[in-house]
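This report goes through one protein chain, from single residues to helix packing and then to the chain as a whole. Please keep the sequence and the structure in view while reading.

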Amino acid sequence: MLPPIPRPQDYGVSPDRGFLPSVLPLQCLPHPVYDRWERIMNNFQSLLLSKRLRTVIDKLPIIPAVHLESEPEWRRAYCILTFFANGYIWGGEKPSERLPPSITYPLLQICEHLELPPVPTYASVCLWNFKPIFLSDDLILDNLSALHTFTGSLDEQWFYLVSVAIEAKAGPCIPLMLDAIQAARDNDLDTVTTCLQLFAQTLDELGTLLLRMYESCDPHVFYHRIRPFLAGSKNMKDAGLPRGVFYDDGTKNASWRQYGGGSNAQSSLIQFFDIVLGIEHRPTGTKMDDTTSESEAEPGAAPKPRHSFIHDMRQYMPGPHRRFLQAVEGVANIREFVQDNHSRRDLTVAYDACLAMLRSLRDKHIQMVSRYIIVKSRESRSMSRTRQGSSQEPATRRGQGIASIQYHRPEPDTQRKKKMRGTGGTALIPFLKQARDETGEPAIDEWARKLLMGGRRTEADLEIATESRINAAQLDSDEPHIVGLAGSWNMEDNAGGLCSY
């Protein structure tokens, strides 16, 4: 017997807004005991700029989560405390290796309830961190405002809100594609075809919406001002967190922990798209025909990872959303249905169009990553080398942005041996390009499959190739860019930022 089609509302997913909450995020916790949290949040940017945030938080009493009642209250408390946490860690001259009990104790309680890690995630900076300007209007980009930011800049707001607008725009696609799954069970070819046609149209519109990022988020501001505050504590030895962060909850059970930073790869929406279309992602560098099983592996050799970076991001999603994706995986049948009915031309064209539009969305993101991260990283490193070559500049420089961190550049020979490490250890451009090309692998039509699996070079490919040549000529060609959950990080850069889709 086939498992039932999951109902979105059973997993906290809105049929209209998707993974955005059906009830708008709270702008203030109602219980007066949390007034101190709200007052700090109301003065958050000024406390960060004047480097008083740690002092203020250190004086806070421990306020437990016992007075939180509704789900919107739990979500707002999570947003507040995760902003406090990263502001506390990265808001001084040096990163703090310890979070005090006034943050840790209630945060761990809240995370247990929401099934989330105690760090800023896509949920805290995007899904639960917005408000409409006019309540009666739709949740479109021009009618959205962010509740909280680290820097207070329009650029940071815009960076979050583009993702919120994408989530809202694509929300109706969730019940649409669940209807397509049911129609495939009923062998209703016309309904499946119509659903796929509408889905492809929405994916095309999402690509246009993503490009609006350029309107109000400047690459320089993003790279040097926003990204530092979105960094995680995993693989951050060179940034000053060799053991991660000590979550001091005031008990003997306090421990060191390491987490990745915020990432749009933590969006359940894009993973939903992959699941319903039957797209599979492999660990970076693994080819489609590389299917060696554990029994075939050489004796003593470690087994190959079963899941990709994208799949690992589910641990940073709210628990109900994570379970929803698992439930959809158990019923997804669109790819097999289209393959079984490949003679139906309009059906195969509609399915391949969905793959093409999703691949195009990922291609636009690769180009965006090049401009916001790769280019700015090269400029930053080139400037650093120029300063080090000047007799007026010391060999030590401070990280740029509000979260000023002091870095020491290693000797050249040492640096060549030690490649840049990211918070998650995933190669940036290879990861994104592989995810993009994997999107075209399920294509039904042979010509479409060749086209979608890297048979042609896009504008993003050409832009990345140009940057690679520049890096090889100006910098150390044997130092590949590495990205993790919070973007690329090396000893010279203030890292952070969202790795996105």
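Ala435 touches His281, Ile310 and Arg362, leaving out residues up to four places away in sequence; a contact means heavy atoms within 4.5 Å. The C-alpha atoms of Ala435 and His281 are 6.4 Å apart, although 154 residues separate them along the chain. Ala435 itself belongs to helix 18 (residues 428–439). Helices (H or I, at least four residues) and strands (E, at least two) are DSSP runs, numbered from the N terminus.

The model is predicted: local features need pLDDT of at least 70, side-chain atom pairs count only at pLDDT 80 or more, and totals for chains, interfaces and linings use all residues. Residues are numbered from 1 along each chain as its sequence is written, and side-chain values use heavy atoms, with hydrogens and water left out.

**Single residues**

Buried means under 20% relative accessible area, exposed over 50%, and partly exposed in between (1.4 Å probe, protein chains only). The table applies these classes to five residues.

| Residue | Location | Relative accessible area | Class |
|---|---|---|---|
| Ala435 | helix 18 | 4% | buried |
| Thr193 | helix 9 | 4% | buried |
| His365 | helix 16 | 3% | buried |
| Asn187 | loop between helix 8 and helix 9 | 49% | partly exposed |
| Asn235 | loop between helix 11 and strand 4 | 31% | partly exposed |

Thr193, in helix 9 (residues 189–210), is in contact with Asp346, Leu347 and Ala350, its neighbours within four places in sequence set aside. His365 sits in helix 16 (residues 345–388). An unreviewed UniProt entry lists His365 under "binding site"; UniProt positions are given in the numbering used here, feature names are shortened, and annotations may be inferred rather than shown by experiment.

Asn187 has a positive phi, near 60 degrees, and is not a glycine. Asn235, also a residue other than glycine, has a positive phi of about 55 degrees. The loop that holds Asn235 runs between helix 11 (219–226) and strand 4 (245–247).

**Helix packing**

Axes are lines fitted to C-alpha atoms, for helices over the stretch in contact, and angles run from 0 to 180 degrees between N-to-C directions. Angles under 35 degrees count as roughly parallel, over 145 as roughly antiparallel, 65 to 115 as roughly perpendicular and the rest as oblique.

The axes of helix 8 (residues 173–185) and helix 9 come within 8 Å and cross at roughly 155 degrees, which means that helix 8 is roughly antiparallel to helix 9. On the helix 8 side, the contact is made by Cys173, Leu176, Met177, Ala180, Ala183 and Ala184; helix 9 contributes residues including Thr191, Val192, Cys195 and Phe199.

Helix 12 (residues 268–277) and helix 14 (residues 319–329) pack at about 5 degrees, with their axes 10 Å apart. These two helices are therefore roughly parallel to each other. Ser268, Gln271, Phe272, Ile275 and Val276 of helix 12 meet His321, Phe324, Leu325, Val328 and Glu329 of helix 14.

**Chain and confidence**

The protein chain has 20 helices and 10 strands. Of its 501 residues, 56% are buried. Among contacts with a separation of 6 or more, 80% join residues 24 or more positions apart.

The mean pLDDT (the predictor's confidence in each residue, from 0 to 100) is 83 for the chain, and 76% of the residues reach 70 or more. The pLDDT is below 50 over residues 299–305, a stretch with 4 contacts in the model beyond near neighbours in sequence. Residues 393–426 also have pLDDT below 50, and beyond near neighbours in sequence this stretch has 106 contacts in the model.
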